[in-house]
Amino acid sequence: MEERFMHEALALAREAAAAGEVPVGCVIVLNGEVVGRGRNRREETGRADGHAEMEAIARANEALGSWRLEGCELYVTLEPCPMCAGAILNARISRVWYGARDEVMGACGGVLNLYMEDFPNRPKLVGGNPGEGVPGGPVGFFSGPSGYPKIIPRPGNGFPSPGRVYFAAHSPLQDTTPHSVTR
């Protein structure tokens, strides 16, 4: 993984947080160059599809002049939801790197894994690892007084290797009542 791309996605997530959005950022890369950027804008636009991945895909489509994003890699701070995972499939993105696992809306293993189904052009998936040395990482976004769900480490969870980070609607050390999360 190119940590600089995850760093850029994290910077976009910070922008989203500053704008009152759920802090998710995304970049799409082709041959080492960023061709699309996006951050969450649901509150700002009043649109259900205002997710970081959707914006980054649209910008990459514009930059490359094609709906096909074959050979592109997507870096996102939070595991894609079903809508975004479907768009990634349709765009034919080759690889998805995500930072935090989403056990509420995640469609890459958090709740279900669309990429394990028999769709053509499934991307390679690397998840739950925001990258070594990412300052603050997604953990800083999803813990504390912001009201967003906490991200908790669960070593040895087996997806896809030990030491991953999970996105959780509650902390097992606190309340055990499931909470709904709006992404």
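**Exercises on a five-stranded sheet**

Cys 26 has a relative accessible area of 0% and is therefore buried, where buried means under 20% relative accessible area, exposed means over 50%, and partly exposed lies in between, with a 1.4 Å probe and protein chains only. The model is predicted, so that local features need pLDDT of at least 70 and side-chain atom pairs count only at pLDDT 80 or more, while totals for chains, interfaces and linings use all residues. Residues are numbered from 1 along each chain as its sequence is written, and side-chain values use heavy atoms, with hydrogens and water left out.

**Exercise 1.** Give the order of the strands in the open sheet, and find its edge strands.

*Solution.* Begin with the terms: helices (H or I, at least four residues) and strands (E, at least two) are DSSP runs, numbered from the N terminus, and two strands pair if DSSP finds at least two bridges between them. The open sheet has five strands in the order β2-β1-β3-β4-β5, and their pairing is mixed. The edge strands, which each pair on one side only, are β2 (33-39) and β5 (124-126). From one strand to the next, the twist averages 15°, where axes are lines fitted to C-alpha atoms, for helices over the stretch in contact, and angles run from 0 to 180 degrees between N-to-C directions.

Next, place two helices on the sheet, taking contact to mean heavy atoms within 4.5 Å. Helix α1 (residues 3-18) lies across β1 (25-30), β2, β3 and β4 and runs at about 150° to β1, whereas helix α3 (residues 52-64) lies across β1, β2 and β3 and runs at about 145° to β2.

**Exercise 2.** Describe how strand β3 is joined to β1 and to β4, and name the residues opposite Leu 74.

*Solution.* On one side, β1 and β3 run antiparallel and are joined by four bridges, and here Ile 28 stands opposite Leu 74. The chain then crosses from β3 through helix α4 (residues 82-91) to β4 in a right-handed β-α-β crossover; right-handed means that, with the strands pointing away from the viewer, the path from the first strand over the helix to the second runs clockwise. Strands β3 (residues 73-78) and β4 (residues 95-100) run parallel and share five bridges, and the partner of Leu 74 in β4 is Val 96. Finally, five of the six residues of β3 are buried.

**Exercise 3.** Decide how many disulfides the model holds, and explain why Cys 81 has no bond to Cys 84.

*Solution.* A disulfide is counted when a pair of cysteine sulfur atoms lies within 2.5 Å, and by this rule the count is zero. For Cys 26, the nearest cysteine sulfur belongs to Cys 84 and is 8.1 Å away. The closest cysteine sulfur to that of Cys 81 is in Cys 84, and no bond is possible because the separation of 3.7 Å is too far. Cys 81 is itself buried, with a relative accessible area of 3%.

**Exercise 4.** Find which element gives the largest share of the largest nonpolar core.

*Solution.* A nonpolar core is a set of buried Ala, Val, Leu, Ile, Met, Phe, Trp, Tyr and Cys residues joined through side-chain atoms within 4.5 Å. The largest one has 27 residues, and among those that touch the most other members are Ile 28, Leu 74 and Ile 88. Two or more residues come from each of β1, α3, β3, α4 and β4, and α4 gives the largest share, five residues. A second, separate core has seven residues, including Phe 5 and Tyr 75.
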